[in-house]
Amino acid sequence: MRQIEVGGGASYRVTVGAGLLGQLHVPHRHVALIHPEDLPPAFVAQVQASVQPVVTIPVPARDDCKTLTVLAGVLSTLAAANIPRDGAVVGLGGGAATDLAGFAAASYLRGVAFYTVPTTLLGMVDAAVGGKTGVNLPEGKNLVGAFWPPQAVWCDTDTLATLPSAVFREGAAEAYKHGLIADPSLLGRVTSPDFHAGGPTLEGTVADAIAVKAGVVTRDLTEKGERAFLNFGHTLAHALEAVTHHAISHGEAVGYGMHYAARLSRALGGADLTEHTLTFLRWQRPAPLPPLTYDDAAPYMARDKKADADGVRFVLLRDLAQPYLGRVPEPVLRAEFEGWQAEVRGL
Ligand SMILES: NC(=O)c1ccc[n+]([C@@H]2O[C@H](COP(=O)([O-])OP(=O)(O)OC[C@H]3O[C@@H](n4cnc5c(N)ncnc54)[C@H](O)[C@@H]3O)[C@@H](O)[C@H]2O)c1
Ligand SMILES: O=C(O)C(=O)C[C@@H](O)[C@H](O)[C@H](O)COP(=O)(O)O
Ligand SMILES: [Zn+2]
């Protein structure tokens, strides 16, 4: 078992290990449990036995739960169940369910305690840690939300055994991202044949990937600076998710988006890291891209939350573990989009 402390404005512990679902400690008399409706029922039953919720709220799978409509239903259910201010919301499942649950916790009664129990690789290494919560709009990903850190995070690695292998590979994109921006030792470990549910390196690699995020959010919870580096690859990724109506999942979009960002970094004089991002895509085997032009993606990229009054900013790399935030001239964005498409379609 590994424990990672998150500090800064919010202090909490992330626990990574086997058999944790039955040992959660949620010290509130009124608990609401939120989970995706397609989650294996045994996980829900184990968590119910452990935290004794007064209400359990199933929500649609994947990003179908990250809507204002689903959020409104969840908030009404919390109110109907009389969850008081000293109650708590537990988010169980992948990143989509924990993002929704966290925003419900942040907004219900202006904020109640929140706990996360991620059951996907992506949820463990990224979404359940750090307090970014929210839902999507038709105009783009995560455009409504709040910073609302959890009180504790439990990553039960046993739950990954039921995860479809494509969903496991989706989630690996965020661990690989942590390798590119901060800890290059993760790169080979994430794409190694040993890295799979039940594998010998799983717990250590997951914990080390979490440690990267924990360090960043400890220093910069509300993204005044360094936290933006966790967005490497996401300017195009969020556009791909929105423009394909989620036919490309978040983890796959991040895989594609990291390769675009690596190409932009090289075009602006940085080291050529594209062999790393291509290696990852060959390993991940994402769903193929539908026909797409730069002009399809550009309006969504313009709404990226790193944009300011002077326009869009990208997370770029001078070299491995040397991220920076920069602007890219439009002709470069267009030319690299064409080169990126040709390369990723030929994988
Ligand atoms: N808040 C953050 O910092 C942050 C970080 C990264 C991603 N995200 C968000 O996370 C979402 C993607 O999350 P994801 O990749 O976990 O996918 P997901 O939440 O969409 O889950 C994928 C599918 O796997 C199912 N599932 C979950 N655990 C399972 C298990 N153990 N066995 C079998 N099935 C299981 C889910 O119910 C769902 O159908 C996106 O909405 C993305 O924007 C948020
Ligand atoms: O925690 C962060 O900060 C991240 O950027 C992590 C990302 O992997 C994650 O997808 C996040 O939800 C994106 O945030 P957004 O602010 O671009 O919506
Ligand atoms: Zn992400």
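In the predicted model considered here, Asn-142 is buried, with 20 other C-beta atoms within 10 Å, a count that meets the cut-off of 20 or more for a buried residue. Asn-142 belongs to strand β8, and its phi is near 55°, a positive value in a residue other than glycine. Asn-142 is also part of the surroundings of ligand 2, which further include Asp-126, Gly-130, Lys-132, Lys-141, Glu-174, Arg-227, Leu-230, Asn-231, His-234 and Lys-305. By class, this shell around ligand 2 comprises 1 nonpolar, 4 polar and 6 charged residues.

A positive phi, of about 55°, is likewise found at Leu-109, which is not a glycine either. Leu-109, however, sits in the loop between α3 and β6 (113-118), and it is partly exposed, because 14 other C-beta atoms lie within 10 Å of its own, a value between the limits of 12 or fewer for exposed residues and 20 or more for buried ones.

The surroundings of ligand 1 comprise 34 residues, of which Pro-36, Gly-94, Gly-95, Thr-120 and Ala-127 are the closest. At least two residues of this shell come from each of the helices α3 (95-107), α4 (121-127), α5 (165-181) and α9 (250-267), and strand β8 (140-147) also supplies at least two. In terms of residue class, the shell around ligand 1 contains 11 nonpolar, 13 polar and 10 charged residues.

An unreviewed UniProt entry places the feature "binding site" at Glu-174, His-234 and His-250. These positions span 77 residues in sequence, yet no two of their C-alpha atoms are more than 10.3 Å apart, so they gather at one spot. Of these residues, Glu-174 and His-234 are among those that surround ligand 2. His-234 lies in helix α8 (residues 234-243) and is buried, with 26 other C-beta atoms within 10 Å; apart from its neighbours within four places in sequence, it is in contact with Val-254 and Gly-257. His-250, for its part, is located in helix α9 and is buried as well, its C-beta atom having 29 others within 10 Å. When neighbours within four places in sequence are left aside, the contacts of His-250 are with Gly-95, Ala-237 and Glu-241, and Gly-95 is one of the residues listed as closest to ligand 1.

The chain is divided into domain 1 (2-166) and domain 2 (232-347), whose centres, taken over C-alpha atoms, are separated by 29 Å. The contact between them takes 8 residues from domain 1 and 8 residues from domain 2. On the side of domain 1 that touches domain 2, β8 gives the most, with 3 residues, and by class this side has 2 nonpolar, 2 polar and 4 charged residues. The unreviewed UniProt entry also lists residues 171-307 as "domain: 3-dehydroquinate synthase C-terminal". Over residues 171-307 the chain is 61% helix and 0% strand, and the C-alpha atoms at the two ends are 25 Å apart.

As to the packing of the interior, the largest nonpolar core has 103 residues, and those with the most contacts inside it are Ile-34, Val-89, Val-90, Leu-100, Ala-104 and Ile-210. Helix α7 (residues 202-219) gives the most to this core, contributing 10 residues, while domain 1 (2-166) and domain 2 (232-347) each provide at least three. For Leu-100, the contacts beyond four places in sequence are with Ile-34, Val-59, Cys-65, Lys-66, Val-70, Leu-71, Val-74 and Val-135; Ile-34 thus appears both in this set and among the core residues with the most contacts.

Cys-155 was examined in the same manner. Cys-155 is placed in strand β9 (residues 152-156) and is buried, with 28 other C-beta atoms within 10 Å. Leaving aside neighbours within four places in sequence, Cys-155 is in contact with Val-14, Thr-15, Val-16, Pro-118, Met-124 and Val-206. Thr-201 is 46 residues apart from Cys-155 in sequence and, measured in the model's coordinates from C-alpha to C-alpha, 15 Å apart in space.

Conventions: Residues are numbered from 1 along each chain as its sequence is written. Chains are lettered from A and ligands numbered from 1 in the order in which they are written. This is a predicted model: local features need pLDDT of at least 70, side-chain atom pairs count only at pLDDT 80 or more; totals for chains, interfaces and linings use all residues. A residue is near a molecule or strand if its C-beta atom, placed from the backbone, lies within 6 Å of it. Helices (H or I, at least four residues) and strands (E, at least two) are DSSP runs, numbered from the N terminus. Ala, Val, Leu, Ile, Met, Phe, Trp, Tyr, Cys and Pro count as nonpolar, Asp, Glu, Lys and Arg as charged, and the others, Gly among them, as polar. A nonpolar core is a set of buried Ala, Val, Leu, Ile, Met, Phe, Trp, Tyr and Cys residues joined through C-beta atoms within 7 Å. Domain bounds come from an automatic or database domain assignment. Two residues are in contact if their C-beta atoms, placed from the backbone, lie within 7 Å. UniProt positions are given in the numbering used here, feature names are shortened, and annotations may be inferred rather than shown by experiment.
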